[in-house]
Amino acid sequence: MTNLSEIKTFSKPLVANLNKLGIHTIQALLLHLPLRYIDETHMTSVRDLRVGEPSQVEGEIVHTEVTYKPRKALIARLEDASGQLTLRFLHFYPSQISMLKVGNKLRVYGEVRSGFFGYEMVHPTCKAVGEKTTVAETLTPVYPTVAGLTQGNLRKAIATALNLSNIFPPPGRGRARVGVESRVSQNSYPHPNLLPEMGKELDTSKQNPLAETLPMGVYQPFQFPSFSASLKALHNPPPDADLQGLEEKTTPEWQRLAFDELLAQQLSMRKHYARRRSVDAPQFKQSKQLVSALLKSLPFALTQAQQKVAVEIQNDLTQPHPMQRLLQGDVGSGKTIVACMAALQSIESGWQVALMAPTEILAEQHFRKMIGWLTPLNIKIAWLTGSQSKKDRDAAMQIIADGSAQLVIGTHALFQEAVRFKKLGLAIIDEQHRFGVHQRLALRQKGQPEPHQLMMTATPIPRTLSMSYYADLDVSVIDELPPGRTPIATKLVSDVRRDEILQRVREACTQGNQAYWVCPLIEESEALQLVTANDTYALMQNEFPELRVGLVHGRMKPVEKQAVMAAFSAGETQLLVATTVIEVGVDVPNASLMVIEHAERMGLSQLHQLRGRVGRGAAKSACILLYQNKLSETARARLKVIYESSDGFAIAQADLNLRGPGEYLGTRQSGVPMLKIADLNRDVELLNAAKNIADRLIKEHPSAVEKHLERWMGRADELVKV
Ligand code: ADP
Ligand code: MG
């Protein structure tokens, strides 16, 4: 790894700017790949311009003015032999005014629009043309950059790095295509046990940043270009390159790098998994009393699916290594009781358990449920949240520290510095995607030796995601709902039919059931969200004088929230106006109707979660998605998914396709970087191949694996969920 500051031709400010982009080594600079490309290899004459197409035009400025109506703008007209093109700038600098002086020769690049006076470009890039100005010979890459670092300088820096690489000893196979001569029919390994001969590791210089890291057999089924050829082609694609393929990252060069990236992720994940096997954890015995006592006290029997996952967890807990298991189950599938069984096994073996939930409402609900289930078994439970009085919290922390609290339930407050466990054996994290990596890590560090970890999620994780970002976790799935649930009827209703909907709310509530009214999500402003919630609450009180109406939103004090939820749980209020704070976990079986306003603004998984708040009891339940008229095509497509499907996995897959993986990874909280090149929808084959070959690489070529991880490092380890 060569540090950038060692390259003499790089100025200090350049290095500083590259550092801002997270680039510290030649390797990283070479892997700083274009966002997109522009084609400046030829000129288009004005006559041949087409609306919507990015084009390059060369001509002379024949007119320039600054106008003030309807708003300030700099407008110029560029003329070539075939006609005139308007250039429009809505904000501009003095330097641009002088560049656009009448008589100047310019080359402009931008997307063509049809304007008031014929063709125009808004904010085109402009270049003065002199005698010697040449036309680009390759497509021009456009890179992600920071203020202060121009595309031109970044391009130059990368070109320097590509050249520097040439002075290192040449990579073993140079630019040659790797792999077999004739095209293989199947672009993957036929079977994990039938991998191609991987061949020898190439004897490459460790320093050469363009050298291959892995034996070439790895790439054999794909006929990929070499690493160095790929980088060169992506940084400087020839004029006849497949522009669309480049933009969609489907060219062999992009695919080669996507595969390398996925491999790095898999390799790194396996190493994490292996690390876990080498760490000590408390080894629990099978529960002899508590679990069966709990099961006997329940008014229901476990479903087959619950039994199956309970056994998986129970076995993990008897191992001397920390469990890291993700328990997936659709809303209402009954994850809580399974978690409770795990807790009892830990407690019976003499270890404390922490149960952490993302919201106070949810934590409170768990607390109540656990008190109901576990107090008869003489289990002592502590309660810890941020909103407690200091006195209560100190008391809780005392019994957590002295070990008399066997189960501790709470919110984020649980992993704070001051909280000390006497003997933490198991950490259970509900709705794990709501927590960041660091928060989960902090909780894990509260035990010595490392506690077992059970993570739960009702947001089903699409297969490709669990194969990549979650590959270092073991996964259990509850794929069956408890019997006796009535399916939820989902209806899509236009907002103009609001009156009918109000009537339905009235009917449901007067017949002894309860209803939720979910206010629209207003992402841009929490204040506005609050206003909407308060307005809706007032409207509903006005509309239904005969009903008791509650209101719950994110800005309420936790005690207030709890009081509102308790009143709704107890049936004291019949209609609950809510923001999306009720999205996760809230369990009020008597609620049978949910109305969601502006459903088109919400994510599919979020809608599915919300909908899961009803249909939890015996009454026939309905979820009404109110939408504003004039739905866009995509909004319609999305709502159709939720309307047609009640299968959380199918919905999650659709959501992944529509919105990318951010939803599932909790990146907003954790900052886990995404795969930059590979795409889990597009590159499923590559992912499968990487998964199939990773173990064998680690076993047979450990030093090559190290080299590969080092190349993709800096990021490689961050590609992993902890
Ligand atoms: P989730 O998986 O969404 O967290 P919960 O654990 O809250 O679901 O369970 C939903 C409801 O179903 C709870 O009221 C719970 O007591 C009940 N429940 C759980 N398991 C069963 C079962 N096997 N039979 C009947 N009801 C069950
Ligand atoms: Mg739950």
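In this predicted model, the side chains of E644 and K640 meet in a salt bridge, with 3.5 Å between N and O. Both residues belong to helix α19, which spans residues 633-644, and because they are four residues apart there, about one helical turn separates them. The two partners differ in how much of their surface is open: E644 counts as exposed because its relative accessibility is 56%, above the 50% cut-off. K640 has a relative accessible area of 45% and is therefore partly exposed.

This bridge is one example of a kind of contact that occurs 26 times in the structure. Another is the bridge in which the side chains of E543 and R506 meet, again at 3.5 Å from N to O. Here the partners sit in two helices, E543 in α16 (residues 526-543) and R506 in α15 (residues 498-510), so the pair ties together parts that are 37 residues apart in sequence. E543 has a relative accessibility of 32% and so counts as partly exposed.

A further salt bridge joins D587 and R616, whose closest N and O atoms are 2.8 Å apart. This pair links distant parts of the chain, 29 residues apart. D587 is in the loop between β20 (575-578) and β21 (591-596), while R616 is in the loop between α18 (604-611) and β22 (621-627). R616 counts as buried because its relative accessibility of 16% is under the 20% cut-off. D587, with a relative accessible area of 23%, is partly exposed. Salt bridges can also be joined into a network, as they are for R88, R113 and E120.

D587 leads on to the ligand. A polar side-chain atom of D587 lies 3.0 Å from an oxygen atom of ligand 1, so this residue takes part in a salt bridge with R616 and also has a polar contact with the ligand, the distance being within 3.5 Å. K335 also approaches the ligand through its side chain, with a polar atom 2.8 Å from an oxygen atom of ligand 1. G334 does so through its backbone: an N or O atom there lies 3.1 Å from an oxygen atom of the ligand. Taken alone, ligand 1 exposes 570 Å², and the protein buries 85% of that.

The surroundings of the ligand can be described as a whole. There are 17 residues around ligand 1, and those that come nearest are A301, G332, K335, T336 and R485. K335 thus appears both in this nearest group and among the residues with a polar side-chain atom by a ligand oxygen. By residue type, the shell divides into five nonpolar, six polar and six charged residues.

Away from the ligand, Q255 gives a polar contact within the protein. Its place is in helix α7, and its side chain contacts the side chain of D683 at 3.0 Å. Q255 counts as buried because its relative accessibility is 15%.

Just before that helix is a residue with a marked backbone angle. K249 lies in the loop between α6 (243-248) and α7 (252-277). Its phi is near 60°, a positive value in a residue other than glycine. K249 has a relative accessible area of 18% and is therefore buried. H123 likewise has a positive phi, of about 50°, although it is not a glycine. H123 is found in the loop between β7 (118-122) and β8 (125-128). With a relative accessible area of 31%, H123 is partly exposed.

The backbone has another feature to look for, this time in a peptide bond. The bond from Q448 to P449 is cis, with omega near 0°. P449 is placed in the loop between α13 (437-444) and β15 (452-457).

The last stop is on the surface. V66, Y68 and I97 form a nonpolar patch there, and together they have about 270 Å² of accessible area. Within this patch, Y68 lies in the loop between β2 (54-67) and β3 (73-80). Y68 is exposed because its relative accessible area is 57%, over the 50% cut-off.

How values were computed:
Residues numbered from 1 in each chain as written. Chains lettered and ligands numbered in written order. Predicted model: local features only at pLDDT ≥ 70, side-chain atom pairs only at ≥ 80, totals over all residues. Heavy atoms only, no water. Near = heavy atom within 4 Å. Polar contact = N/O pair within 3.5 Å; in protein donor to acceptor, adjacent residues only side chain to side chain. Areas by Shrake-Rupley, 256 points an atom, 1.4 Å probe, with all protein chains shown as cover. Nonpolar A, V, L, I, M, F, W, Y, C, P; charged D, E, K, R; others polar. Patch = residues over 30% accessible without salt bridge, like charges linked within 9 Å, V, L, I, M, F, W, Y side chains within 5 Å. Salt bridge = Lys/Arg side-chain N within 4 Å of Asp/Glu carboxyl O. Buried < 20%, exposed > 50% of the residue type's maximum accessible area, 1.4 Å probe, protein only.
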